[in-house]
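Biologist: Before we talk about any part of this model, could you show it to me, and then let me ask why each term is used?

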Amino acid sequence: QKACKKRAAELHDEILFKQPEGTDLGDCPICLLPLPVDSAYTIMSCCSKNICKGCTLANTMREYQESLEYKCPFCRKPAPTSEAASGANVMKRIEANDPAAMSQMGICCQRKGDYAGAHKYWAKAAELGHAEAHYNLSVMYSEGYGVGVGRGKKKEWYHLEQAAIGGNLKARYTLGIREGWCSNHNSERANKHLIIAANQGH
């Protein structure tokens, strides 16, 4: 039994410390260049696509010069004219089982102080493999937002690791800090995490 647990831990670490090809942000679906890690992109409510600022600007300039109605650079649907319309778009994407839309709705709930709602949407998105949702859940369990302080350390760590495996840069850096200074004081594991984060552009 000890040998099985040891091998399971080794396999887990092989997955955890594998260098991702990029980040969980992926590429801009228009120019196909990797999205920057400094949030220089726009999330479209109509299709849940992350569009880089360059493609967004190019589309806006073209429509302005040709006096065209503003539409999504990717799916070409008309842009929502109100917050309510934008929210309706997100709900349509959620009904279509879109984890990115669920994650965005979780953020909206959190901003309103609705932590139960945030947890609901992030948990569903995480089940579908959304790395950012995993990271947000780890923060909830760390800070006790809506889940109670000190009640979810194992869940916090689980979601941090799942987010890091999925390419989330914030989760990877946090693991490096936690492993090295805050929790385990394991410099070898901490350095592995921080090297991966640096290679991802941190």
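Modeller: In this predicted model, 38% of the 202 residues of the chain count as buried. The secondary structure comes to nine helices and two strands, and from the N terminus on the elements run α-β-β-α-α-α-α-α-α-α-α.

Biologist: Why does L32 count as exposed?

Modeller: The cut-off for exposed is over 50% relative accessible area, and L32 has 59% relative accessibility, so L32 counts as exposed. This leucine lies in the loop between α1 (2-16) and β1, and its phi is near 65 degrees, a positive value in a residue other than glycine.

Biologist: And how do you know that S67 counts as exposed?

Modeller: The reasoning runs along the same cut-off of over 50%: S67 stands at 68% relative accessibility and therefore counts as exposed. S67 is found in the loop between α2 (53-65) and α3, and although it is not a glycine, it has a positive phi of about 55 degrees.

Biologist: What makes a group of residues here a nonpolar core?

Modeller: The members must be buried nonpolar residues joined through side-chain atoms within 4.5 Å, and buried means under 20% relative accessible area. The largest such core has 15 residues, of which I94, M105 and W122 touch the most other members. The elements that give two or more residues to this core are α3, α4, α5 (115-127) and α6. A second, separate core of ten residues includes L35, M44, C47 and C52.

Biologist: Which residues does M105 touch, leaving aside those up to four places away in sequence?

Modeller: With contact taken as heavy atoms within 4.5 Å, M105 touches G87, V90, M91, I94 and Y121.

Biologist: What makes a residue part of the lining of the largest pocket?

Modeller: A lining residue has an atom within 4 Å of a point of the pocket. The largest pocket holds about 1,200 Å³ of space, and of the 43 residues that line it, I43, N50, A100, Q104 and I107 are the closest to its centre.

Biologist: Which elements supply at least two residues of that lining, and what is its make-up by class?

Modeller: β1 (41-43), α3 (83-95), α4 (99-111), α6 (131-143) and α8 (169-182) each supply at least two residues, and α4 gives the most, with ten residues. By class, the lining of the largest pocket has 20 nonpolar, 13 polar and ten charged residues.

Key:
Residues numbered from 1 in each chain as written. Predicted model: local features only at pLDDT ≥ 70, side-chain atom pairs only at ≥ 80, totals over all residues. Heavy atoms only, no water. 1 Å grid on protein atoms, 1.4 Å probe; cavity = no way out; pocket = protein on both sides within 12 Å on 5 of 7 lines; lining within 4 Å. Points joined across faces, edges and corners; volume = space filled by probe spheres on them. Helix = DSSP H or I, 4+ residues; strand = E, 2+ residues; numbered from the N terminus. Nonpolar A, V, L, I, M, F, W, Y, C, P; charged D, E, K, R; others polar. Buried < 20%, exposed > 50% of the residue type's maximum accessible area, 1.4 Å probe, protein only.
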